[in-house]
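Have the sequence and the model side by side before you read on. The tour begins inside the fold and then works outward through helices and sheets.

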Amino acid sequence: MISTNKEQLQKIVSRFAGQPIMVVGDLILDHFVWGVVDRISPEAPVPVVRVTKESFHLGGAANVARNLSILGAQPLLVGVVGCDGTGKQLVELLESENISSAGLIRVVDRTTTLKTRIVAQHQQVCRTDRESLEPPSEKTLSQINDSYLRYLNKANGIVISDYAKGVLSQVLVPDWIQEARQKNIFLAVDPKQADFSSYEGASLITPNTREAETASGIEAVDEVSFVQLGQRLLKVTKADSLLITRGEEGMTLFEGRGCDHIPTVAREVFDVTGAGDTVIASLTLAVTAGASISEAAVLANHAAGVAVGKLGTAAPTTDEILASIGHG
């Protein structure tokens with residue numbers, strides 16, 4: 001059972017400011033189309049959404065960087081964007097959030113990932129994706145690696161945000177993890193690949209239940225099988241820790257031969273979009289601010305509880321996390 005002290009958690013949050021955290025991964029622009037439904041289409045059995053507004057938000061690794069920035073940290077972002085309108089808009093959003101785009105690689109013939117979600121009456125009606133999934137060229141991979149190495153000596157922590165969009169090379173990632181270990185830098189991975197082998201040796205891996213089931217080959221039908229899949233992933237990846245996010249059931253932290261469950265603190269759940277980004281950003285930041293992995297997991301649970309209570313790709317503030325801690 002994880003035991004945490006409110007005053008200790010509050011002290012950790014007070015040390016968030018200025019922490020340099022490198023974020024490397026897939027950059028996404030989230031596009032939300034908001035509207036209302038009051039009739040069914042006469043052309044097909046689908047709802048007709050009357051659009052009332054649109055909004056654009058940073059997604060994927062860019063949203064991890066945004067979460068860090070809002071929490072007072074200094075994100076060092078590494079990734080790839082296309083030389084298209086979506087890529088330009090994504091960079092402009094980064095700049096509006098005071099996040100440097102110096103570590104980004106611009107690729108002429110690549111489509112910047114754009115996820116469009118159509119939402120009516122607080123319910124997602126459908127989603128469309130525009131993206132390139134092919135791996136980058138050798139030249140682009142070399143440029144990504146150069147950006148990673150340039151930031152490595154500046155970072156107190158590293159987040160690998162893998163959305164399986166083709167940018168993260170299964171050749172480079174193991175080298176990055178080894179280099180971080182040699183420098184004793186905490187490195188956390190948010191995985192989307194079915195095979196976790198390239199994440200071997202990471203400080204922490206944060207899959208959700210479905211991702212953990214796929215990677216382990218075990219279906220979590222009860223708590224016994226859930227613990228089995230967690231222990232298998234920990235053994236296979238040789239990670240220091242494994243944190244499985246379980247939606248309304250909270251999170252479970254695996255370390256060594258044991259595991260601890262952290263119940264959710266979310267009061268209301270409006271939208272889980274980007275919740276995984278909030279978890280890995282706040283947890284990595286907490287570790288760099290001096291938290292143990294269990295304290296960091298509890299803090300991340302509070303941060304996620306705040307984020308899912310908002311609509312769209314949301315990020316909590318330190319005041320909101322402190323308020324959640326205060327409520328216990």
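Start with a small set of residues. The lining of the second largest cavity divides into 3 nonpolar residues, 4 polar ones and 1 charged one. This is a predicted model. The residues in question are Asp-162, Leu-168, Ser-169, Gln-170, Val-173, Gln-193, Ser-198 and Tyr-199. They enclose a volume of about 30 Å³.

How many cavities of 30 Å³ or more does the whole structure hold? The search finds 2. The largest has a volume of about 90 Å³. Its lining includes Asp-26, Leu-27, Val-80, Val-81 and Gly-82. Arg-110, Thr-111, Thr-112 and Thr-113 also line the largest cavity, along with Ser-132, Lys-165 and Val-167. By class, that makes 4 nonpolar, 5 polar and 3 charged residues. Which element gives the most to this lining? Strand β4, residues 74-82, does so with 3 residues.

Strand β4 leads into the 9-stranded sheet. This sheet is open, and its pairing is mixed. The strand order is β5-β4-β1-β8-β9-β10-β11-β12-β13. β5 (104-107) and β13 (258-262) stand at the edges. Each has a single partner strand, so one side of each has no neighbour in the sheet. At the β5 edge, β4 and β5 run parallel and are joined by 4 bridges. To find this pairing in the model, look for Gly-79, whose bridge partner in β5 is Leu-104.

Now look at what lies on this sheet. Helix α5 lies across β1 (20-25), β8 (157-161) and β9 (186-190). The helix runs at about 165 degrees to β8.

α5 (residues 172-182) also has a helix partner. Its axis and that of α4 (residues 138-152) come within 12 Å and cross at roughly 10 degrees. Because angles under 35 degrees count as roughly parallel, α4 is roughly parallel to α5. Which residues make the contact? From α4 come Leu-141, Ile-144, Asn-145, Tyr-148, Leu-149 and Leu-152. From α5 come Leu-172, Trp-176, Glu-179 and Ala-180. The contact of α4 with α5 has 8 nonpolar residues, 1 polar and 1 charged.

Turn next to the 4-stranded sheet. It too is open, with mixed pairing, and its order is β3-β2-β6-β7. The edge strands are β3 (47-60) and β7 (123-130), and each pairs on one side only. From one strand to the next, the twist averages 20 degrees.

Take the β3 edge. A hairpin joins β2 to β3 through 6 residues. The two strands pair in the antiparallel sense over 12 bridges. Val-37 can serve as a landmark: its bridge partner in β3 is Val-49. Helix α2 (residues 61-70) lies across β2 (27-40) and β3. Its direction is at about 70 degrees to β3.

Then cross to the β7 edge. Strand β6 (residues 113-120) pairs with β7 in the antiparallel sense, over 7 bridges. Here the landmark is Thr-116, with Thr-128 as its bridge partner in β7. When you trace side chains along these strands, keep one rule in mind. In a regular strand, side chains alternate between the two faces of the sheet.

One last link ties the tour together. Thr-113 lines the largest cavity, and β6 spans residues 113-120. Leu-27 lines the largest cavity as well, and β2 spans 27-40.

Methods: Residues are numbered from 1 along each chain as its sequence is written. This is a predicted model: local features need pLDDT of at least 70, side-chain atom pairs count only at pLDDT 80 or more; totals for chains, interfaces and linings use all residues. Side-chain values use heavy atoms; hydrogens and water are left out. On a 1 Å grid over the protein atoms alone, a cavity is a set of points where a 1.4 Å probe fits but cannot get out, and a pocket is an open set with protein on both sides within 12 Å along at least five of seven lines; lining residues have an atom within 4 Å of a point. Grid points are joined across faces, edges and corners, and a volume is the space filled by probe spheres set on the points. Ala, Val, Leu, Ile, Met, Phe, Trp, Tyr, Cys and Pro count as nonpolar, Asp, Glu, Lys and Arg as charged, and the others, Gly among them, as polar. Axes are lines fitted to C-alpha atoms, for helices over the stretch in contact, and angles run from 0 to 180 degrees between N-to-C directions. Angles under 35 degrees count as roughly parallel, over 145 as roughly antiparallel, 65 to 115 as roughly perpendicular and the rest as oblique. Contact means heavy atoms within 4.5 Å. Two strands pair if DSSP finds at least two bridges between them.
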